[in-house]
Structure formats: C-alpha cells, structure tokens
Amino acid sequence: MPNSKHEDAFLKMGVEYFREHILKLLGINYSYEEIGPTELIALTINELYMDFTFKTTVKDLYIHIEFQTTNNSEKKNLRRFHSYDALFAHNMEAQVITYVIYTGGIEKTKGELNCGIYTYRVIPVYMGKKNADGIISHLKEKKAAGEALTEDDYAQLSLTPLMGGDLSRKDKIKEGILLAKEEHNSMADKVMAMLYTLADKFLDGEELNEIKEAMTMTRLGQMLMDDGIKIGENRGLEIGRIEGKRAGRKAGRREGRKSGEKKMATLYEKLESASRGTEYLRACKDENYRKKLMEEFKIR
C-alpha cells in the first residue's frame with residue numbers, strides 16, 4: 001500500500017469487524033464500547049505490547065486477546081500475559097479477562113499459572129483443529145455454482161489464517177482476499193480488512209508486501225486510494241491557491257515596476273519635448289505632482 005493512512009484505515013476496519021463479529025463466533029460474547037489501549041509502559045520504561053484489548057459495556061471490564069502460534073514455553077507465555085494483565089488492570093483501574101487464540105496446530109494447553117497464593121488463568125481458544133483448506137475450497141465451489149456467500153461464510157473466511165491446513169498463512173490470507181474481492185458489499189470489505197489486519201499481525205517482508213499489493217486491487221483498496229487521492233488533490237489545490245497568491249503578488253510587483261518605469265520614461269520624454277525637463281526631478285519626489293503631470297500628458 002502506498003500510504004500508511006490507508007493501512008491504518010484497513011486495520012481499524014479489521015479490528016472493528018473482529019470485535020463485533022469474530023469474537024462472538026469464537027464464543028467470546030460481550031458487548032463493547034471501544035477499542036482499548038495495547039501499549040503499556042512500566043516505571044522501568046519497559047514497553048509491553050498486547051495484541052488487542054476491548055472495553056466492554058460491563059462496568060470496569062476489559063477483554064484482552066492474545067494470539068499464539070507456538071507453545072514451546074507455555075509457562076513463560078503465561079507469565080508475560082500475567083504481567084500484561086496486572087499492569088493493565090493497575091493503569092485502567094479495571095478487571096481484565098484474557099483469551100488466548102491458539103493457532104499452528106496447538107490443540108491442548110494448561111491455561112493456568114501457579115503464582116503462590118493464587119492461580120492466574122487464561123481462557124484458551126483452539127483454532128488448529130479447523131481446516132482452512134477445506135473452507136476455502138468449499139467457498140470457491142459455492143461461488144462457481146453462483147451461490148451467494150452468507151454471513152457465516154464470511155466469518156469463516158476471515159478466520160482461515162488462524163486455522164490449520166496445508167496452505168501457508170500468507171496463501172490463506174491471499175486466497176481469502178481474492179474470494180472476498182469478487183463480492184461487492186460491505187461485509188466483503190470488512191472481511192478483507194480483517195484479513196489485512198491478520199497479515200499485519202503475522203507477516204512481514206515480501207509476504208506482507210504481496211498482501212498489500214493484493215489489497216490495492218480490491219474495491220476496498222481502490223476506495224481508500226481514491227479517498228487518499230481526493231484528500232491529496234484538495235490539499236494540492238489549497239497549496240496551489242496559496243502558492244498562486246504568492247506568485248501573483250510577485251508577478252504583480254514585477255509588472256508594476258515595468259509599468260511604472262515605462263510611464264516615467266514617457267513622462268520624461270513629454271517634459272523634454274515641452275522644454276520642461278527641470279520638472280522631472282520634482283515629479284520623482286512628489287507623488288501628487290507626478291499624478292498631475294500624468295493626467296496633463298494623458299499618460300495611462
């Protein structure tokens with residue numbers, strides 16, 4: 001994508017779709033007020049980054065979402081999540097419930113950490129058992145048969161990058177974008193935004209660039225590009241008006257000097273012809289007398 005503002009727009013739409021539709025599909029049933037902060041700064045100036053937080057309509061309750069693609073050290077991961085939640089709860093003066101969405105074939109975790117006199121727990125959500133290849137193949141068959149995709153189809157499509165299967169995560173995202181871009185409705189746009197959000201989370205380098213290029217070819221990408229171009233054009237026009245005024249003033253001063261010099265040369269010739277050359281010096285110093293002579297000799 002050529003403009004970071006376009007990427008921000010994709011990500012914002014994707015996170016909102018994730019919050020309003022996908023979390024409920026995963027069994028995380030809350031009503032939400034807003035997206036919460038994800039960056040925490042401790043007193044030691046350590047920066048901690050959470051994946052997603054959402055403020056619910058339940059008083060002083062936030063939902064914290066983390067994605068895990070590996071589980072080589074669950075205890076270490078749980079300590080990290082525990083640190084996030086403790087600092088977040090302290091900063092926001094609120095309660096936090098953490099859901100960990102496991103991908104990459106992870107199907108079983110302990111989900112709790114012994115902290116001495118209490119036990120820290122997260123709620124695991126396992127996506128590895130679902131086969132993304134089968135869902136993508138099924139949706140391609142539906143489209144080939146001329147069937148419209150349902151809201152559930154869209155939701156499943158948006159989750160394919162988190163599921164198991166033979167396709168790489170990059171290919172799951174790209175296949176999802178290619179399927180959704182053929183549909184011309186707001187739900188398809190939200191799914192593409194969600195897929196882009198997951199690409200931004202999991203991919204980097206050439207793989208992420210490939211997804212960015214695929215997004216520019218979609219209706220959503222074009223709409224955001226057009227908005228960016230329109231904003232750029234408006235800004236350009238405003239700059240043009242400002243620069244035009246400046247240029248106009250410069251040109252006006254330049255033309256004014258030329259015109260004034262020409263009039264004074266004509267006045268000098270008229271006065272010399274009338275044997276009144278001595279009046280020229282007075283005309284140069286006295287504006288009122290100069291105007292009087294210009295009118296007398298009809299110099300415009």
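This report walks through a predicted model of one protein chain, from its overall make-up to a few residues worth a visit.

**The chain as a whole**

Let's start with the broad view. The chain holds 10 helices and nine strands. It has 300 residues, and 40% of them count as buried. About 17400 Å² of the chain is exposed, with carbon and sulfur atoms supplying 49% of that area. How do the contacts spread along the sequence? If you take contacts between residues at least 6 apart in sequence, 63% of them join residues at least 24 apart.

**How confident is the prediction?**

Since this is a predicted model, it helps to look at the confidence score, pLDDT. The average over the chain is 77, and 68% of the residues score at least 70. Where is confidence lowest, and where is it highest? The lowest mean, 57, belongs to helix α8 (residues 219-273), while strand β8 (residues 119-121) has the highest, at 96. Two stretches deserve some care as you explore. Over residues 1-6 the pLDDT is below 50, and this stretch has 12 contacts in the model beyond near neighbours in sequence. Residues 223-229 also have a pLDDT below 50, with seven contacts counted in that way.

**Salt bridges: charged partners**

Side chains of opposite charge can pair when their charged atoms come close. In this model the count comes to 11 salt bridges. Here are three of them, with the distance between N and O atoms.

| Salt bridge | N to O distance |
|---|---|
| Asp-51 and Lys-201 | 2.5 Å |
| Glu-183 and Lys-143 | 2.2 Å |
| Lys-170 and Glu-210 | 3.4 Å |

Take the pair Asp-51 and Lys-201, whose closest N and O atoms are 2.5 Å apart. Asp-51 sits in the loop between β3 (47-49) and β4 (52-56), and Lys-201 sits in helix α6 (residues 186-202), so this salt bridge ties together parts of the chain that are 150 residues apart in sequence. The two partners can also be described by their relative accessibility. Asp-51 counts as buried because its value is 15%, whereas Lys-201, at 37%, counts as partly exposed.

Next come Glu-183 and Lys-143, whose side chains meet in a salt bridge of 2.2 Å. Glu-183 is in the loop between α5 (169-180) and α6, and Lys-143 is in helix α3 (residues 132-144), so the pair ties together parts that are 40 residues apart in sequence. Are these two residues buried or exposed? Both Glu-183 and Lys-143 are buried.

The third pair in the table joins Lys-170 and Glu-210 at 3.4 Å. Distant parts of the chain are linked here: Lys-170 belongs to helix α5 and Glu-210 to helix α7 (residues 205-216), 40 residues away. Lys-170 has a relative accessibility of 13%, so it counts as buried. Glu-210 has a relative accessible area of 28%, so this residue is partly exposed. The pair also has company: salt bridges with shared partners join Lys-170, Asp-171, Lys-174 and Glu-210 into one network.

**A buried acid without a salt bridge**

Now compare those pairs with Glu-74, a residue of helix α2 (residues 74-92). Glu-74 is buried yet has no salt bridge. Why? A salt bridge needs a nitrogen and an oxygen within 4 Å, and the nearest side chain of opposite charge, Lys-110, is 7.4 Å away from Glu-74. What, then, lies beside this side chain? One of its polar atoms is 2.7 Å from the backbone nitrogen of Gly-111. Leaving out residues up to four places away in sequence, Glu-74 touches Tyr-102, Thr-109, Lys-110 and Gly-111.

**Two residues at 0% accessibility**

Ile-22 is found in helix α1 (residues 4-25). Its relative accessibility is 0%, so Ile-22 counts as buried. Beyond residues up to four places away in sequence, Ile-22 touches several others, including Ala-155, Ser-158, Leu-159 and Met-194. Ile-22 and Tyr-154 are 132 residues apart in sequence, and their C-alpha atoms are 10.0 Å apart in space.

His-64 has its place in strand β5 (residues 61-68). His-64 also counts as buried because its relative accessibility is 0%. Which residues does His-64 touch, not counting those up to four places away in sequence? Among them are Met-50, Phe-52, Tyr-84, Asp-85, Val-96 and Tyr-99.

Methods
Residues numbered from 1 in each chain as written. Predicted model: local features only at pLDDT ≥ 70, side-chain atom pairs only at ≥ 80, totals over all residues. Heavy atoms only, no water. Helix = DSSP H or I, 4+ residues; strand = E, 2+ residues; numbered from the N terminus. Buried < 20%, exposed > 50% of the residue type's maximum accessible area, 1.4 Å probe, protein only. Lys, Arg positive; Asp, Glu negative; His and termini not counted. Polar contact = N/O pair within 3.5 Å; in protein donor to acceptor, adjacent residues only side chain to side chain. Contact = heavy atoms within 4.5 Å. Areas by Shrake-Rupley, 256 points an atom, 1.4 Å probe, with all protein chains shown as cover. pLDDT = per-residue confidence, 0-100.
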